[in-house]
Amino acid sequence: MKTLYITGFMGAGKTTIGKAMGELWQVPVLDTDQEVERKWGKTVREMFEQEGEGVFRSRETEMLQALPCQDAIITTGGGIVGKEENRQWMKRNGTVLYLYCDPELIAERLREDTTRPLLQQDNLDAFFSLFRARQPLYEEADIQIDTTGKSIAAIVAEIEEKIK
Ligand SMILES: Nc1ncnc2c1ncn2[C@@H]1O[C@H](COP(=O)(O)OP(=O)(O)O)[C@@H](O)[C@H]1O
Ligand SMILES: O=C(O)C1=C[C@@H](OP(=O)(O)O)[C@@H](O)[C@H](O)C1
Ligand SMILES: [Mg+2]
């Protein structure tokens, strides 16, 4: 199979759903954020704070291009679609799946989260406007699924139905 790239806004469930799909299909799952953290030895938040977002974005692109284009599921960070180069890479080398989730539900879900530097609880307006700005970029995906209010099992079943 061509690699399945899972995209969507932060907190939509990309990492979680990708892992479940990997277990079902028995294929390796790689997460761009986790691979960047492993290779450069610090968390995404530390990179943003110590080196700046631009450094993280360069590493994210480098990692995307280093990961396998066959027989894998790659879960991406929500901002990967920001670069046209990344969108083209994913389209050219695999199938792109966009996991949509209502941003209000995401904000609620991530209320206690401290790992995502672009989510500031005292500025949810910025979070919602980032969501709106990225929406058309996510919609370039080959397949889209609305995950709002659905269980992980239901989302996995829907992906299975749409892809296999
Ligand atoms: N369908 C779902 N229903 C409820 N909680 C979910 C669902 N999908 C993910 N979550 C939870 O939401 C949080 C963010 O999920 P995660 O997979 O890290 O999202 P992403 O990788 O898109 O940022 C996690 O705490 C995860 O357990
Ligand atoms: O949306 C974004 O710009 C980001 C999303 C995060 O990944 P998740 O989408 O897995 O939360 C992570 O890459 C970083 O905090 C930036
Ligand atoms: Mg993730």
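This report walks through the fold, one central strand, the two ligand shells and the annotated residues of a predicted model.

## The overall fold

Let's start with the whole chain. The protein chain holds 8 helices and 5 strands, and along the sequence these follow the order β-α-β-α-α-α-β-α-β-α-α-β-α. Its radius of gyration is 15 Å, close to the 15 Å that the globule rule gives for 164 residues, so the chain is as compact as a globular protein of that length. If you are setting up a box, the C-alpha trace spans about 40 × 35 × 25 Å along its principal axes.

Burial and contacts add to this picture. Of the 164 residues, 34% count as buried. Looking at contacts between residues at least 6 apart in sequence, 77% join residues at least 24 apart.

## Strand E1 and its partners

Strand E1 covers residues 3-7, and 5 of its 5 residues are buried, so the rest of the structure largely encloses it. In a regular strand, side chains alternate between the two faces of the sheet. Here, Thr3, Tyr5 and Thr7 point one way while Leu4 and Ile6 point the other, and all of them are buried.

E1 pairs in the parallel sense with strand E4 (residues 94-100), over 5 bridges. Within that pairing, Thr7 sits opposite Tyr98 of E4. E1 also pairs in the parallel sense with E3, this time over 3 bridges, and there Tyr5 has Ile74 as its bridge partner.

## The shell around ligand 1

Ligand 1 has 14 residues around it, and those that come nearest are Ala12, Gly13, Lys14, Thr15 and Thr16. By class, this shell contains 4 nonpolar, 7 polar and 3 charged residues.

Two helices stand out here. H1 and helix H8 (152-163) each supply at least two residues of the shell, with H1 giving the most, at 3 residues.

## The shell around ligand 2

Around ligand 2 you will find Met10, Gly11, Lys14, Thr15, Asp33, Val44, Gly77, Gly78, Gly79, Arg116, Pro117 and Leu118. Sorted by class, they make up 4 nonpolar, 5 polar and 3 charged residues.

Lys14 and Thr15 belong to this shell, and they are also among the residues that come nearest to ligand 1.

## Annotated positions

Now for the record. In an unreviewed UniProt entry, the annotation "binding site" covers Thr15. The UniProt feature "binding site", again from an unreviewed entry, is also placed at Asp33, Arg57, Gly78 and Arg134. Of these positions, Thr15, Asp33 and Gly78 appear in the shell around ligand 2.

Thr15 lies in helix H1, which runs over residues 14-25. Thr15 counts as partly exposed because it has 17 C-beta neighbours inside 10 Å. Beyond residues up to four places away in sequence, Thr15 touches Asp31 and Thr75. Arg57 sits in helix H4 (residues 53-66); with 17 C-beta neighbours inside 10 Å, Arg57 counts as partly exposed too.

Gly78 is found in a loop, between strand E3 (73-75) and helix H5 (84-93). Gly78 is buried because 22 other C-beta atoms lie within 10 Å, where the cut-off is 20 or more. Leaving aside neighbours within four places in sequence, Gly78 is in contact with Gly8, Phe9 and Met10. One of these contacts, Met10, is itself part of the shell around ligand 2.

Conventions: Residues are numbered from 1 along each chain as its sequence is written. Chains are lettered from A and ligands numbered from 1 in the order in which they are written. This is a predicted model: local features need pLDDT of at least 70, side-chain atom pairs count only at pLDDT 80 or more; totals for chains, interfaces and linings use all residues. A residue is near a molecule or strand if its C-beta atom, placed from the backbone, lies within 6 Å of it. Ala, Val, Leu, Ile, Met, Phe, Trp, Tyr, Cys and Pro count as nonpolar, Asp, Glu, Lys and Arg as charged, and the others, Gly among them, as polar. UniProt positions are given in the numbering used here, feature names are shortened, and annotations may be inferred rather than shown by experiment. Helices (H or I, at least four residues) and strands (E, at least two) are DSSP runs, numbered from the N terminus. A residue is buried if 20 or more other C-beta atoms lie within 10 Å of its own, exposed if 12 or fewer, and partly exposed in between; C-beta atoms are placed from the backbone. Two residues are in contact if their C-beta atoms, placed from the backbone, lie within 7 Å. Two strands pair if DSSP finds at least two bridges between them. The radius of gyration is taken over C-alpha atoms; the globule rule is 2.2 Å times the number of residues to the power 0.38.
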